[in-house]
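Subject: Handing over the structure

Hi,

Here is the structure I promised to pass on to you. Have a look at it first, and then read on for what I found.

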Amino acid sequence: MEVERLEAMAEGDAVTPTGPPRQSPISLARPARQRPRQSTLMQDGAQVEVAPEAPPPRPYTVLAYKTMATMAERLVAAEPQRFRYFETSWGRFEDSGMDDIVVGGFAPTNLVRHTHVLMMCDFHSNDAILSQLHVLIMLCESFIASLTIFLPYLPVATKERVTVEGQVATANTVSRMLSSLPHHGPPARCMFFDLHTLQQRFYLHSGAAASMHSCIPLLQKYVLGDGKCGIDALAFPDEGAQKRFGHQLADEGLDFIVCGKQRVGNDRKVTITDGEARGKRVLIIDDMVKTGGTLAEAAKALKASGATRVSAFVSHAAFPGDSYRRFCKGGDRAVFDRIYVTNSNPLVAERLAAVDPFVVLDILPQLLVDL
């Protein structure tokens with residue numbers, strides 16, 4: 001057979017190849033990137049290109065710590081086609097007090113596998129942090145497509161440094177715990193709002209990455225955007241707050257006033273270092289309030305300088321114990337017309353909801369925008 005084939009080739013006849021066909025070499029060149037296809041329409045006889053439609057919003061499986069469950073339910077009610085919420089049982093064993101957690105969505109059918117998971121967290125205590133870390137680790141080992149951790153308020157962010165050897169910077173240790181989540185594909189996305197120390201975003205690595213957000217849009221829409229608020233000037237308790245938030249509020253057309261602590265005799269007092277408060281209705285802006293001493297001193301300094309009314313906006317309200325009552329009528333810090341906070345710290349926000357002079361702004365609309 002092979003002899004006949006060779007003779008045919010010598011005479012110039014066409015020969016049908018035998019054996020397996022030759023494979024063309026595999027191209028390793030990257031295919032050209034396809035641009036989004038644009039549609040066209042006719043307008044006044046001319047062809048006009050129309051920008052491609054944005055992809056539909058990503059659907060999420062929603063899980064939540066018990067203090068965030070109500071917000072999770074409201075999230076689903078706002079966009080039921082996008083979010084599906086499964087309730088989790090955050091129990092404890094009676095004999096040991098250890099966690100006995102059952103995450104929803106896994107039984108009798110696993111509806112969490114291969115989905116994008118949104119875990120709504122609240123790190124308000126050591127117990128709460130550990131319980132939620134149990135669930136976060138379990139989720140990363142459950143074949144999910146991605147993990148987004150909604151953690152608007154991080155209480156340990158104020159402990160980002162040590163002043164005496166032996167102290168523990170819990171901002172670092174908690175960040176390391178999040179960074180050590182098991183790899184499941186992309187890093188876990190940690191959504192922080194007005195993180196107290198901006199450099200802490202870089203404490204995360206490997207298993208988690210910070211996604212930085214702000215509550216200032218809520219202030220702009222629901223406070224400054226309200227024609228009845230009557231704010232003439234924005235004040236900052238220190239230069240750091242002015243640098244942080246001033247650029248976000250530069251287009252509001254309001255005067256800026258900067259305060260700062262200065263030594264007066266043997267004491268350090270809050271004074272105005274830049275700007276004029278006389279005759280103005282002032283709103284102090286900061287990222288968080290704990291006991292509120294600096295905030296109150298700044299308000300007193302503004303009033304002493306002639307401000308007719310002083311209010312405040314803080315993204316996160318910590319207020320340990322009943323310290324918030326000092327700002328209520330009859331308290332020694334009752335110098336504010338209004339104090340606007342968000343519900344990023346749900347347990348405290350619940351206590352402040354019906355107490356004058358506090359006004360609680362809902363962070364949920366901003367989550368829907370930023371997600």
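To start, which side chain meets that of aspartate 337 in a salt bridge? The partner is arginine 309, with a distance of 3.8 Å from N to O. Aspartate 337 sits in the loop between strand 15 and strand 16, while arginine 309 belongs to strand 15, so this pair ties together parts that are 28 residues apart in sequence. Aspartate 337 is partly exposed at 33% relative accessibility, and arginine 309 is partly exposed too, at 27%. Please keep in mind that this is a predicted model.

Salt bridges

The count of salt bridges comes to eleven. Some of them share partners, and in this way Arg92, Asp99 and Asp127 are joined into one network. Here are two further pairs to look up:

- Glutamate 79 and arginine 82 meet through their side chains at 3.7 Å, N to O. Glutamate 79 is partly exposed, with a relative accessible area of 28%, whereas arginine 82 is buried at 13%.
- Glutamate 160 pairs with arginine 161, and their closest N and O atoms are 2.7 Å apart. Here glutamate 160 is the buried partner, with a relative accessible area of 11%, and arginine 161 is exposed at 55%.

An arginine without a salt bridge

Arginine 333 is worth a visit as well. You will find this residue in the loop between strand 15 (309-317) and strand 16 (339-342). Arginine 333 is buried yet has no salt bridge. What is the nearest side chain of opposite charge, and how far away is it? That is aspartate 332, at 4.5 Å; a salt bridge needs the nitrogen and the oxygen within 4 Å, so this pair does not count as one. The side chain of arginine 333 does reach the backbone oxygen of threonine 291, at 2.7 Å.

Pockets and a cavity

The largest pocket holds about 480 Å³ of space. It is lined by 19 residues, and His196, Asp238, Asp286, Asp287 and Met288 are the closest to its centre. Helix 6, strand 14 (281-289) and helix 7 (293-304) each give at least two residues to this lining. By class, the lining divides into six nonpolar, seven polar and six charged residues.

The second largest pocket has about 350 Å³ of space. Its lining also has 19 residues, with Phe123, His124, Ser125, Asn126 and Pro155 closest to the centre. Two or more residues come from each of helix 3 (126-140), helix 4 (170-179) and helix 8 (346-352), and helix 4 has the largest share, with four. Twelve residues of this lining are nonpolar, six are polar and one is charged.

There is also one cavity of 30 Å³ or more, with about 60 Å³ of space. Among the residues that line this cavity are Pro152, Tyr153, Phe193, His196, Asp287, Met288 and His316. Its lining is made up of seven nonpolar, three polar and two charged residues.

One glycine to look at

Last, have a look at glycine 240, which is in helix 6 (residues 239-245). Glycine 240 is partly exposed, with a relative accessible area of 44%. Its C-alpha atom is separated by 9.5 Å from that of aspartate 286, and the two residues are 46 apart along the chain.

Enjoy exploring, and write back with any questions.

Best wishes

Notes:
Residues are numbered from 1 along each chain as its sequence is written. This is a predicted model: local features need pLDDT of at least 70, side-chain atom pairs count only at pLDDT 80 or more; totals for chains, interfaces and linings use all residues. Side-chain values use heavy atoms; hydrogens and water are left out. Buried means under 20% relative accessible area, exposed over 50%, partly exposed in between (1.4 Å probe, protein chains only). On a 1 Å grid over the protein atoms alone, a cavity is a set of points where a 1.4 Å probe fits but cannot get out, and a pocket is an open set with protein on both sides within 12 Å along at least five of seven lines; lining residues have an atom within 4 Å of a point. Grid points are joined across faces, edges and corners, and a volume is the space filled by probe spheres set on the points. Ala, Val, Leu, Ile, Met, Phe, Trp, Tyr, Cys and Pro count as nonpolar, Asp, Glu, Lys and Arg as charged, and the others, Gly among them, as polar. Lys and Arg count as positive and Asp and Glu as negative; His and the chain ends are not counted. A polar contact is a pair of N or O atoms within 3.5 Å; within protein, one must be able to donate a hydrogen and the other to accept it, and residues adjacent in sequence count only if both atoms are side-chain atoms.
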